[in-house]
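Dear colleague,

I am passing a structure on to you with this email, and below it you will find my notes on what turned up. Please keep it open while you read.

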Amino acid sequence: MVSACLLGIHCRYDGGHSACSDLMELIPSVSLIPFCPEQLGGLSTPRSPANMTGGDGYDILAAKAKVINADGHDVTQAFVKGAEEANAIALVLKASIAIMKDRSPSCGINTPVYEKPVGYGVGVTAALFNSRGIKLFEVTKGGHFSCRKFQTFLEQFNDFWK
Ligand code: SF4
């Protein structure tokens with residue numbers, strides 16, 4: 001599973017993408033399944049940017065925090081639905097690894113959290129994936145991804161299942 005914007009799909013809040021050239025190198029050798037939880041949750045593209053408020057993805061899944069967009073609307077339900085739909089795709093495809101876009105309130109692993117407690121935390125879909133045992137990788141700041149590290153991990157992973 002891969003955050004779709006990293007593969008050049010125009011699903012970002014601003015209608016753009018975050019294509020990662022490092023990741024594109026994997027296309028010939030690895031089956032990559034693009035997904036965008038915010039679209040799966042029913043949000044439009046483009047859409048108002050949103051932030052986790054009062055907690056991270058785990059708190060949001062536990063109904064202890066919210067996702068609020070720049071217009072001040074509570075879009076928590078759409079983010080939770082998107083996470084559940086993305087997880088449903090992972091279950092159908094028996095996907096056990098996900099490569100996630102950084103700083104996203106859905107996909108990020110170290111995403112800013114606003115209001116109390118401020119800091120960084122996992123996005124809503126990343127939290128659900130992690131709680132279901134899906135191994136997460138994140139494209140780092142600047143759009144870089146260590147294909148070599150990932151391929152080493154895949155080789156070990158494949159050996160494990162042989
Ligand atoms: S929700 Fe994830 S896949 Fe969709 S645009 Fe944001 S970071 Fe990319």
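Is arginine 103 buried, exposed or partly exposed? The model is a predicted one, and in it arginine 103 is partly exposed, because 16 other C-beta atoms lie within 10 Å, a count between the limit of 12 or fewer for exposed and that of 20 or more for buried. Arginine 103 sits in the loop between β5 (97–101) and β6 (111–114), and its phi is positive, about 60°, although it is not a glycine.

Alanine 63 also deserves a look, since its phi is positive at about 60° although this residue is not a glycine. Its place is the loop between α3 (57–61) and β4 (66–69), where alanine 63 is exposed, because 10 other C-beta atoms lie within 10 Å.

A further point concerns the backbone at proline 46, which is joined to threonine 45 by a cis peptide bond with an omega of about -5°; proline 46 belongs to the loop between α2 (37–40) and β3 (50–53). For background, most residues other than glycine have a negative phi, and most peptide bonds are trans.

Histidine 17, in the loop between β1 (2–3) and α1 (21–24), touches Cys5, Gly8, Ile9, His10 and Arg12, leaving aside residues up to four places away in sequence.

Finally, the residues around the ligand include Cys5, Arg12, Lys101 and Ser104, and by class this shell has 6 nonpolar, 3 polar and 3 charged residues.

With best wishes

Technical notes:
Residues are numbered from 1 along each chain as its sequence is written. This is a predicted model: local features need pLDDT of at least 70, side-chain atom pairs count only at pLDDT 80 or more; totals for chains, interfaces and linings use all residues. Helices (H or I, at least four residues) and strands (E, at least two) are DSSP runs, numbered from the N terminus. Two residues are in contact if their C-beta atoms, placed from the backbone, lie within 7 Å. A residue is near a molecule or strand if its C-beta atom, placed from the backbone, lies within 6 Å of it. Ala, Val, Leu, Ile, Met, Phe, Trp, Tyr, Cys and Pro count as nonpolar, Asp, Glu, Lys and Arg as charged, and the others, Gly among them, as polar.
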